[in-house]
Amino acid sequence: MNMSKNREIPPMHPASAVDFLPPAQLRDVQFTRLKDMVQRAFDHVTLFRKRMDEQKLKPSDLRTLDDIVKLPFTVKTDLRDTYPFGLCASPMSEIVRFHASSGTTGKPIVVAYTQEDLNDWTRAVLRSLAACGVHNGDIVQVAYGYGLFTGGLGLHYGAEALGASVIPISGGNTDRQIMVMKDFGVTVVCCTPSYFLHLIDRAGEMGINMKELPLRIGVFGAEPWTEDMRERIEAGSDIKAYDIYGLSEIVGPGVANECTHQAGPHIFEDLFYPEIIDPKTLEPLPDGTEGELVLTTLCKRAMPMIRYRTRDITALEPTRCACGRTLRRIKRIGRRSDDMLIIRGVNLFPSQIEAALLKVEGTLPHYQIIVDRQKDLDTLEVQVEVTADAFSDTVSAMEQMKKRLAHSIEGITGLRPAVKLVAPRTLQRSEGKAKRVIDKRIM
Amino acid sequence: MKIKQLSVFLENKPGALSAPCRLLARADINIQTCSLADTREFGILRLVVEDTEKARRLLQRNGFAVKVTDVIALEVADEPGGLAAILDALEGTGINIEYAYSFSGRTKGHALLLFRFSDPNAALQVLKERNINTVGSEELSRRLKG
């Protein structure tokens with residue numbers, strides 16, 4: 001088997017043609033689909049109809065696409081409050097699939113799909129993979145969890161539809177992942193970025209250099225990651241790392257994906273309509289301004305989502321991408337409006353800690369933030385796993401590294417943390433998603 | 001002659017030391033000497049073993065952060081001023097001793113000490129000029145067995 005990396009750029013997949021629709025035509029498609037969907041939700045979803053009635057709105061009040069701002073928002077608690085099927089617009093006889101996302105407290109949220117919904121989703125994932133250069137002939141290792149989580153099955157069907165050879169290995173069992181990656185000559189891997197960093201580390205320990213494998217593309221998502229992390233991944237494995245964005249409430253992975261220019265994920269706008277709002281005033285914001293991403297599904301039948309507040313903080317890029325797609329891009333999402341911690345009155349996003357740790361050479365971002373309250377005072381502890389690279393045999397060098405880490409964190413966040421070095425692989429990881437924050441405070 | 005030393009990161013908690021030691025024991029790797037540096041929250045276990053590479057692979061495969069460092073084993077006369085003579089040799093060279101520890105037992109009126117110098121190559125040069133004997137790993141194994 002040829003073990004070198006193939007860098008050829010494949011011809012455009014026919015399904016990607018929609019990515020290049022002229023803007024006016026795209027808006028026509030969006031408006032037609034929006035009207036249909038709002039009518040369907042109004043007819044079949046009690047909660048939506050009630051909210052429309054409260055605002056004395058009818059589907060016919062949508063006269064242009066921009067009228068979307070009149071519509072009521074949907075939030076995560078709506079899904080929880082109507083658990084499990086309250087927001088379904090289709091009868092059970094037409095629903096062919098459920099997924100659910102693990103809630104941090106209590107009941108999960110459930111999402112439903114008709115066969116047409118699954119077809120649309122598959123196509124969105126196909127276009128995602130095609131946009132970053134995956135084609136038939138690629139061997140795709142899907143290391144997202146299969147099951148209620150949308151990650152595994154979402155990528156699976158999209159990659160199959162593209163004609164790629166899919167390995168449905170699911171999450172976990174790192175040594176087997178690496179063995180399969182090497183033995184099958186895997187060229188594309190799909191998982192969380194933090195898990196892939198773990199794979200690079202582990203492969204190294206097993207005496208396997210990722211740079212020498214045929215692996216050339218990583219499609220990473222399901223958690224926020226930074227540009228620094230992309231550099232680390234690419235330097236450590238000699239692949240191209242692409243950001244895939246999605247959320248179960250909308251469809252799963254494949255709401256947006258980066259093209260080969262790696263300039264932020266393109267939203268598949270013919271299926272998912274994006275807006276940016278001010279999370280406090282809820283007013284719409286113009287392209288280029290940072291705010292909360294709000295998404296409306298334009299085709300979903302089983303569970304239409306209208307103006308769903310994602311809590312992800314980003315901006316719609318005001319300029320056209322060099323690839324020529326007319327689909328707008330979102331800025332890569334580094335933070336959410338709700339994973340913000342307030343410590344001693346200071347706002348803190350986990351991504352800031354990540355950026356600070358990465359600044360200190362030789363530290364891979366396996367870390368955990370532990371917030372506690374002692375004698376009415378918030379405490380911030382950052383636990384960092386020691387890697388072979390960062391480890392030194394002298395106590396003074398290790399103490400100095402701790403100081404540099406603490407200093408870097410203080411420089412970025414304004415908070416002085418207690419940095420604790422812990423042994424490799426001792427920090428909790430759940431389903432490949434790194435558990436970044438433990439807040440022990442009782443508020 | 002330089003000797004390879006393994007350093008292992010340990011958290012400062014009960015049982016942390018036994019895990020790597022048990023691993024080595026099960027693989028039949030003998031620890032020729034070791035020392036433990038500790039702080040309030042973490043420790044560094046330093047080891048000299050016969051097959052450094054095998055031990056490194058074993059520890060790394062089991063998830064330990066491991067580092068290989070060059071150290072120098074020196075014969076120190078087992079008499080007053082024995083260590084001072086070595087330190088005198090390094091005086092003014094700018095070479096720093098990061099840490100040192102010893103092998104148990106002594107042979108022919110000499111103690112055997114391990115030094116981690118800031119610059120092992122420069123230290124070797126200085127020691128050679130002063131005719132201070134260094135002990136290589138093969139010689140070390142022979143002595144420890146003999």
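These are my notebook entries on a predicted model with chains A and B.

**Entry 1. Confidence**

I began with the predictor's own scores. The complex carries an ipTM of 0.86 and a pTM of 0.74. For chain B, I noted a mean pLDDT of 91, with 98% of the residues at 70 or more.

**Entry 2. Domains of chain A**

I then looked up the domain assignment of chain A, which lists domain 1 as 1-336 and domain 2 as 341-439. I found 30 Å between the C-alpha centres of domain 1 of chain A and domain 2 of chain A. In their contact, 18 residues belong to domain 1 of chain A and 12 residues to domain 2 of chain A.

I next asked which helices of chain A each supply at least two residues of the side of domain 1 that touches domain 2. They are α7 and α8 of chain A. The largest share of that side of domain 1 of chain A comes from α7(A), with 4 residues. Sorted by class, I recorded 7 nonpolar, 6 polar and 5 charged residues on the side of domain 1 of chain A that touches domain 2 of chain A.

**Entry 3. Helices α7 and α8 of chain A**

Since α7(A) and α8(A) both appear on that side of domain 1, I examined how they pack. Helix α7 of chain A covers residues 193-205 and helix α8 of chain A covers residues 227-237; their axes lie 10 Å apart at an angle of about 30°. The cut-off for roughly parallel is an angle under 35 degrees, and α7(A) and α8(A) are therefore roughly parallel to each other. I noted the crossing of α7(A) past α8(A) as left-handed.

From α7(A), the contact uses Pro193(A), Phe196(A), Leu197(A) and Ile200(A). From α8(A), it uses Met229(A), Arg232(A), Ile233(A), Gly236(A) and Ser237(A). I classed the residues of this contact between α7(A) and α8(A) as 6 nonpolar, 2 polar and 1 charged.

**Entry 4. Helices α4 and α5 of chain A**

I turned to helix α4 (residues 115-131) and helix α5 (residues 150-162) of chain A, whose axes are 7 Å apart at an angle of about 70°. The range for roughly perpendicular is 65 to 115 degrees, and so α4(A) and α5(A) are roughly perpendicular to each other.

On the α4(A) side I listed Trp121(A), Thr122(A), Val125(A), Leu126(A), Ser128(A), Leu129(A) and Ala130(A). Facing them in α5(A) are Gly154(A), Leu155(A), Tyr157(A), Gly158(A), Ala159(A), Ala161(A) and Leu162(A). The contact of α4(A) with α5(A) holds 10 nonpolar residues, 4 polar and no charged.

**Entry 5. Helices α9 and α10 of chain A**

I found helix α9 (residues 350-359) of chain A packed against α10(A) at an angle of about 135°, with 8 Å between the axes. That angle makes α9(A) oblique to α10(A). The crossing of α9(A) and α10(A) is right-handed.

The contact residues of α9(A) are Gln352(A), Ile353(A), Ala355(A), Ala356(A), Leu357(A) and Lys359(A), and those of α10(A) are Leu405(A), Ser408(A), Ile409(A), Ile412(A) and Thr413(A). I counted 7 nonpolar, 3 polar and 1 charged among the residues of the contact of α9(A) with α10(A).

**Entry 6. Contact of chain A with chain B**

I asked how many residues each chain gives to the contact. Chain A gives 16 residues and chain B gives 20 residues. On the side of chain A that touches chain B, α10 (395-413) and β18 (418-422) each supply at least two residues. The most come from β18(A), with 3 residues. By class, that side of chain A comprises 9 nonpolar, 3 polar and 4 charged residues.

**Entry 7. Domains of chain B**

The domain assignment splits chain B into domain 1 (2-68) and domain 2 (70-135). I noted 23 Å between the C-alpha centres of domain 1 of chain B and domain 2 of chain B. In the contact, 8 residues of domain 1 of chain B meet 9 residues of domain 2 of chain B. Strands β1 (2-11) and β2 (31-38) of chain B each supply at least two residues of the domain 1 side, and β1(B) gives the most, with 4 residues. That side of domain 1 of chain B divides into 3 nonpolar, 3 polar and 2 charged residues.

**Entry 8. Backbone details**

I closed with two backbone checks. Tyr83(A) and Pro84(A) are joined by a cis peptide bond with omega of about -5°. Pro84(A) sits in the loop between α3 (76-81) and β1 (95-101) of chain A. In chain B, Asp28(B) is a residue other than glycine with a positive phi, near 65°. I placed Asp28(B) in the loop between α1 (18-26) and β2 of chain B.

Conventions
Residues are numbered from 1 along each chain as its sequence is written. Chains are lettered from A and ligands numbered from 1 in the order in which they are written. This is a predicted model: local features need pLDDT of at least 70, side-chain atom pairs count only at pLDDT 80 or more; totals for chains, interfaces and linings use all residues. Domain bounds come from an automatic or database domain assignment. Two residues are in contact if their C-beta atoms, placed from the backbone, lie within 7 Å. Ala, Val, Leu, Ile, Met, Phe, Trp, Tyr, Cys and Pro count as nonpolar, Asp, Glu, Lys and Arg as charged, and the others, Gly among them, as polar. pLDDT is the predictor's confidence in each residue, from 0 to 100. Axes are lines fitted to C-alpha atoms, for helices over the stretch in contact, and angles run from 0 to 180 degrees between N-to-C directions. Angles under 35 degrees count as roughly parallel, over 145 as roughly antiparallel, 65 to 115 as roughly perpendicular and the rest as oblique. A crossing is left-handed if the near helix is turned anticlockwise from the far one by less than a right angle, and right-handed if clockwise.
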